[in-house]
Amino acid sequence: MILDMHVHTAASDDSTATIEGYIELILAYRHLGHAFDGFVLTEHRKFTPGLNLQRYWDDHGILVLQGVEMDTSQGHLLVFGVNDRLLESVDVTKRLHNGRQIIPELTRLGAVAAPSHPFRESIFGQIMQKDITEIAGLQIIEAYNGQNTRGQNEQAAAVAASHELRSLGGSDAHYL
């Protein structure tokens, strides 16, 4: 299954994209013969419970999931598996969570957290290169980001490989 793990819509304050626009784009890619199965909404500091995302699978066979891109003092974190327990315990709208400590808390609450674009607008990458043990519970990073330079993605992929971390990729799309 191929998913874009990091997209934004107009629900983020710096995007104009829509879910329907992404659906149309994926359908166009499929028409050209490209395998693409869906995407994950990762709005900036925002999670909207109760979205009827199942309808996109039912109507188009496109999987649409929802996470959140949280802010920490070390950079952004993509958080997947957001649930009621997490939303009751962690303020995802807060701007400066402690990135060195929040990952185990999110994991304990049933989620998975990955530093996003760790070598762009983030110090997660520098921390990982210096002493990865400073980031408690780290197991996965965004190694491939469509807004990064090739060098930034290569740095992230090298860190993931050298520390045997899982890696994921996303377009970090804000516009169609």
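This report describes the overall build of a single chain and then turns to one of its residues, His6.

The structure is a predicted model, and its chain contains six helices and eight strands. Followed along the sequence, these elements come in the pattern β-α-β-α-β-β-β-α-α-β-α-β-α-β. A compact globule of 176 residues would be expected to have a radius of gyration near 16 Å, and the chain agrees with that expectation because its own value is 16 Å. The C-alpha trace spans about 45 × 40 × 25 Å along its principal axes.

Some further values for the chain are gathered here.

| Property of the chain | Value |
|---|---|
| Residues that count as buried, of 176 residues | 49% |
| Contacts joining residues at least 24 apart, among those between residues at least 6 apart in sequence | 72% |
| Exposed area supplied by carbon and sulfur atoms, of about 8800 Å² | 51% |

As for charge, the chain carries 13 positive and 22 negative charges, and the mean positions of these two groups are 5 Å apart.

Within this chain, His6 belongs to strand β1, which covers residues 3–7. His6 has a relative accessibility of 0% and therefore counts as buried, since buried means under 20%. The side chain of His6 is joined to the side chain of His8 by a polar contact of 3.2 Å. When residues up to four places away in sequence are left aside, His6 still touches a number of others, among them Val40, Thr42, Glu69 and Leu78, as well as Ser116, His117, Glu142 and Asn145. The residues touched by His6 also include Gly170, Ser171, Asp172 and Ala173.

Definitions and conventions. Residues numbered from 1 in each chain as written. Predicted model: local features only at pLDDT ≥ 70, side-chain atom pairs only at ≥ 80, totals over all residues. Heavy atoms only, no water. Helix = DSSP H or I, 4+ residues; strand = E, 2+ residues; numbered from the N terminus. Buried < 20%, exposed > 50% of the residue type's maximum accessible area, 1.4 Å probe, protein only. Polar contact = N/O pair within 3.5 Å; in protein donor to acceptor, adjacent residues only side chain to side chain. Contact = heavy atoms within 4.5 Å. Rg over C-alpha atoms; globule rule 2.2 N^0.38 Å. Areas by Shrake-Rupley, 256 points an atom, 1.4 Å probe, with all protein chains shown as cover. Lys, Arg positive; Asp, Glu negative; His and termini not counted. Charge placed at Lys NZ, Arg CZ, Asp CG, Glu CD.
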